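Work through the exercises below with the structure in view. Try each task before reading its solution.

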Amino acid sequence: MKAAVLREIKAPLTIEELSLAAPGPDEVRVRVVSSGLCHSDYHSISGDFPVPMPAVLGHEAAGVVEAVGSDVTEFKKGDEVVTCVSQYCGHCRECLDGHNNVCGNKPTNRPAEQPARITNGSEVFTQYAGLGAFAEEMLIHRTGLTKIPEGMPLEKAGLLGCAVLTGVGAALNGAQVRPGSTVVVVGCGGVGLNVIQGAKLCGAARIIAVDVNERKFDLARVFGATDCVKGGPDAVAEVRELTGGGADYAFEVIGLTQTQEQALGMLRRLGTLMIVGMAPAGSQFKVPGVMMMALQLQIRGSLMGSVPFQIAIPEYAQLYLDGKLKLDEMISQNIRLEDINDGYAKMMAGDVARSVIVFDS
Ligand code: APR
Ligand code: ZN
Ligand code: ZN
């Protein structure tokens with residue numbers, strides 16, 4: 001199978017011919033139909049979140065089940081599925097408590113006694129988050145995929161696996177945004193747009209989109225933003241003025257220390273800061289301790305939509321089919337696997353919401 005490989009930090013991905021092992025007892029082989037370019041993979045290309053190389057990145061995919069392992073009964077050849085990084089053990093306290101998205105015991109990798117999942121004969125390849133979706137096929141643990149409703153177009157469904165799940169879920173399940181409330185979303189990329197539409201689904205009265213790139217504002221409005229503010233140090237005062245003292249919820253959806261601090265500064269009393277963006281490993285942001293107490297603020301994280309994806313993804317797919325959730329508008333371009341480096345260049349230039357690789361069937 002063909003895959004895009006990261007061999008060196010900050011270098012272009014290379015297209016290579018690789019092999020997948022046969023499915024182990026708990027594994028499923030998936031033919032990939034669509035695979036979105038998320039910023040999280042870019043953190044590994046840039047070195048902010050290093051992964052052992054060579055590596056096959058990508059984690060936002062939809063496809064068709066090709067083969068299942070001997071113990072897998074919940075999937076069969078031909079099932080249409082979406083994949084997710086939130087693989088889980090099913091036994092730990094978090095799993096048992098309904099939070100398998102934060103399972104600390106993920107069965108992401110193969111047991112050491114089994115051969116590697118991805119090789120080229122001589123080398124073994126890291127499989128990003130147990131997925132490796134920048135490839136024609138994936139071999140993944142049975143807990144890393146879910147079926148989607150009939151009629152859901154596979155070329156679009158990949159986005160449900162990360163951007164939609166992470167963004168919409170952060171508003172619906174993470175913050176549980178109250179109807180009538182005021183929400184500010186800092187960062188209007190693929191994930192931020194979904195926080196905006198999640199806040200709208202929750203019935204937020206006012207949704208303020210903040211981005212350094214003003215070209216993002218038209219799309220932010222399409223997804224439900226009522227106001228747009230140019231990012232930067234002045235954005236805090238502007239949001240405070242627009243809202244008459246701050247927002248009820250501020251979502252940071254970039255992963256930068258400065259915007260985490262700015263988002264905290266945009267809250268009104270009793271406000272909640274939601275950390276959704278992935279900040280560089282080891283980074284820290286400043287919190288004014290006394291204000292946390294005096295204004296009774298909250299800071300919370302949200303990972304992969306704060307909910308078991310097996311429940312959320314089929315629900316979000318149905319919302320799309322019912323015309324209540326936007327996906328088409330998020331796809332700026334469909335590309336070939338060979339165009340992946342150009343796709344990431346366009347993301348970093350701020351030219352796209354999402355580029356989606358669509359494989360020939
Ligand atoms: N202030 C405001 N907006 C900014 C700033 C800033 N200082 N810096 C960047 N942005 C905007 C960009 O213009 C872009 O619109 O943040 C947005 C980031 O969007 P994408 O690059 O499309 O990233 P996305 O895939 O949405 O992911 C966002 O969530 O899951 C995590 O790892 C992911 O950390 C990443 C974040
Ligand atoms: Zn677990
Ligand atoms: Zn992602």
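**Exercise 1: a zinc site with three donors**

His59 and Cys162 are both buried, meaning under 20% relative accessible area with a 1.4 Å probe and protein chains only (exposed is over 50%, partly exposed in between). This is a predicted model, in which local features need pLDDT of at least 70, side-chain atom pairs count only at pLDDT 80 or more, and totals for chains, interfaces and linings use all residues. Residues are numbered from 1 along each chain as its sequence is written, chains are lettered from A and ligands numbered from 1 in the order in which they are written, and side-chain values use heavy atoms, with hydrogens and water left out.

Task: find which residues coordinate the zinc ion (ligand 3).

Solution.
- Step 1. Look for donors: N, O and S atoms within 2.8 Å of the metal (3.2 Å for Na, K and Ca); water is not among the atoms, so sites may look incomplete.
- Step 2. Cys38 (SG), His59 (NE2) and Cys162 (SG) coordinate the ion, at 2.0 to 2.3 Å.
- Step 3. Along the chain, the donor spacing reads C-x20-H-x102-C.
- Step 4. His59 sits in the loop between strand E5 (55–56) and strand E6 (61–68), and Cys162 in the loop between helix H3 (154–157) and helix H4 (163–175), so the pair ties together parts 103 residues apart in sequence. Helices (H or I, at least four residues) and strands (E, at least two) are DSSP runs, numbered from the N terminus.

**Exercise 2: a zinc site with four donors**

Task: determine the geometry of the zinc ion (ligand 2) site.

Solution.
- Step 1. The donors are Cys89 (SG), Cys92 (SG), Cys95 (SG) and Cys103 (SG), at 2.3 to 2.4 Å.
- Step 2. Their spacing is C-x2-C-x2-C-x7-C.
- Step 3. The angles among the four donor atoms are 103 to 117°. Four donors count as tetrahedral if all angles lie between 85 and 135 degrees. The site is tetrahedral.
- Step 4. Check burial: Cys89 and Cys95 are both buried.

**Exercise 3: a residue in helix H2**

Task: is Glu94 buried or partly exposed?

Solution.
- Step 1. Place Glu94: helix H2 (residues 93–96) holds this residue.
- Step 2. Its relative accessibility is 34%, so Glu94 counts as partly exposed.
- Step 3. List its contacts (heavy atoms within 4.5 Å). Not counting residues up to four places away in sequence, Glu94 touches His99, Asn100 and Val102.

Methods. Tetrahedral: all angles 85-135°; square planar, octahedral: opposite > 155°, others 65-115°.
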